[in-house]
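Trainee: I would like to learn how to read the open and closed spaces in a protein model, and then how to look at what surrounds a ligand. Could we go through one case together?

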Amino acid sequence: MTSYPSATKVPSAVLAEAATSNPANSKFELIYFGIQVRAEIPRLILAHAGANVKYTTADWPAMKQKTRYGSLPALFETTSNGTVLEFAESQAIERYLAKKFNLLGANAWEEHLVNEYVHGLDCEITNHMKVMFASVEDRQKEAESFSRDFGKWIAFIERHLAVNGNNGHFVGDKISWADLKAAVLVRRLTLVWPRACGVEAPKLPDALVKVADTVKADAKVKAWLASEEHHKFDGNTKGFFKL
Ligand SMILES: N[C@@H](CCC(=O)N[C@@H](CS)C(=O)NCC(=O)O)C(=O)O
């Protein structure tokens, strides 16, 4: 039986201070189901950052009413002075972590570009999820529709990656939130695709694969991807989608 942590109830100014504290001194707990889906990117951000994190598999639906919106993931951060912050909504969790761990580019313009790419990548991830969540009978139609739209979007992305020098990054020359999200999209389109429905996974441009390879070459990400915990989440995900 796992327990749902309690956020510290203190005035907003105290929470604001905790939220801007050094994440190297914080302990994180991410609560989700034993699969990837909406926790994959938060987990990847935490791994890349080398955060002190515990992954808890939810006791569901027992925990449902305790969460902020009746759904998961939920992130908890306990700062060095013991303040416990609670975060909900996967996108907001990712953005908070990206900000905390400096994954939003080097300046306001780069931050905007990271956000632009993240929103586009997120759309593709959501569309891919529609394919995966479709009934087995509907998967072929959904997969064909995904591939058509993906093909149009990726042609624009190729241009933008070329402007950044096809250097394995969406923005500048460092790993950003956009690169991590792209690595997850690439993983899903290569490993989580319903081949049995008769539609080949869309072909990925070299420049996008290079971004994913750059992320995978990061020492902390490499260790995370090789970990037993990651393999367990991956295996459960393939089982969940009957791949
Ligand atoms: N907009 C929310 C959606 C969260 C959501 O739908 N989570 C699902 C799992 S992916 C969930 O908690 N399902 C269990 C339930 O609704 O009882 C987010 O992005 O975090």
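Trainee: What volume does the largest pocket have?

Mentor: Please keep in mind that this is a predicted model. The largest pocket has a volume of about 380 Å³, and its lining is made of 22 residues, among which R38, S90, Q91, D122 and T126 lie nearest the centre.

Trainee: Which helices supply at least two residues each to the lining of the largest pocket?

Mentor: At least two lining residues each come from α2 (40-49), α3 (90-100), α4 (108-133) and α6, and the largest share, 5 residues, is that of α4. Sorted by class, the lining of this pocket holds 11 nonpolar, 4 polar and 7 charged residues.

Trainee: Where does the largest pocket lie with respect to the two domains?

Mentor: Domain 1 (12-100) and domain 2 (108-217) both contribute residues to the lining of the largest pocket, so this pocket lies between them.

Trainee: How should I read a cavity, as opposed to a pocket, and how many cavities of 30 Å³ or more are there?

Mentor: A pocket is an open set of points, whereas a cavity is a space where the probe fits but cannot get out. In this model the count comes to 2 cavities of 30 Å³ or more, and the largest cavity has a volume of about 70 Å³. The residues that line the largest cavity are Q36, V37, E40, M129, R187, R188, V192, D234, T237 and F241, with α6 (177-191) and α9 (228-240) being the elements that give two or more residues to that lining. By class, the lining of the largest cavity has 4 nonpolar, 2 polar and 4 charged residues. Domain 1 (12-100) and domain 2 (108-217) both give residues to this lining too, so the largest cavity lies between them.

Trainee: V37 is one of those lining residues; what is the sign of its phi angle?

Mentor: The phi of V37 is positive, at about 35°, although V37 is not a glycine, and this residue lies in the loop between β1 (27-32) and α2.

Trainee: Which residues line the second largest cavity?

Mentor: The second largest cavity, with about 30 Å³ of space, is lined by L44, A183, V184, R187, V215, K216, V221 and L225. The largest share of its lining, 3 residues, comes from α6, and by class the lining has 6 nonpolar, no polar and 2 charged residues.

Trainee: Turning to the ligand, which residues surround it?

Mentor: The surrounding residues are Y32, F33, R38, W60, K64, G70, S71, L72, P73, E89 and S90, and by class this shell has 5 nonpolar, 3 polar and 3 charged residues. For polar contacts, one looks for pairs of N or O atoms within 3.5 Å. An N or O atom in the side chain of S90 is 2.6 Å from an oxygen atom of the ligand, a polar side-chain atom of E89 lies 2.8 Å from a ligand nitrogen atom, and the side chain of R38 has an N or O atom 3.2 Å from an oxygen atom of the ligand. Of the 500 Å² of accessible area that the ligand has on its own, the protein covers 69%.

Trainee: P73 is in that shell; is the peptide bond between L72 and P73 cis or trans?

Mentor: The bond joining L72 and P73 is cis, with omega at about 15°, and P73 lies in the loop between β2 and β3. The peptide bond from W60 to P61 is also cis, with omega near 10°, and P61 is found in the loop between β2 (52-57) and β3 (74-78).

Definitions and conventions: Residues are numbered from 1 along each chain as its sequence is written. This is a predicted model: local features need pLDDT of at least 70, side-chain atom pairs count only at pLDDT 80 or more; totals for chains, interfaces and linings use all residues. Side-chain values use heavy atoms; hydrogens and water are left out. A residue is near a molecule or strand if one of its heavy atoms lies within 4 Å of it. A polar contact is a pair of N or O atoms within 3.5 Å; within protein, one must be able to donate a hydrogen and the other to accept it, and residues adjacent in sequence count only if both atoms are side-chain atoms. Accessible areas come from the Shrake-Rupley method with a 1.4 Å probe; for residues, only the protein chains shown count as cover. Ala, Val, Leu, Ile, Met, Phe, Trp, Tyr, Cys and Pro count as nonpolar, Asp, Glu, Lys and Arg as charged, and the others, Gly among them, as polar. On a 1 Å grid over the protein atoms alone, a cavity is a set of points where a 1.4 Å probe fits but cannot get out, and a pocket is an open set with protein on both sides within 12 Å along at least five of seven lines; lining residues have an atom within 4 Å of a point. Grid points are joined across faces, edges and corners, and a volume is the space filled by probe spheres set on the points. Helices (H or I, at least four residues) and strands (E, at least two) are DSSP runs, numbered from the N terminus. Domain bounds come from an automatic or database domain assignment.
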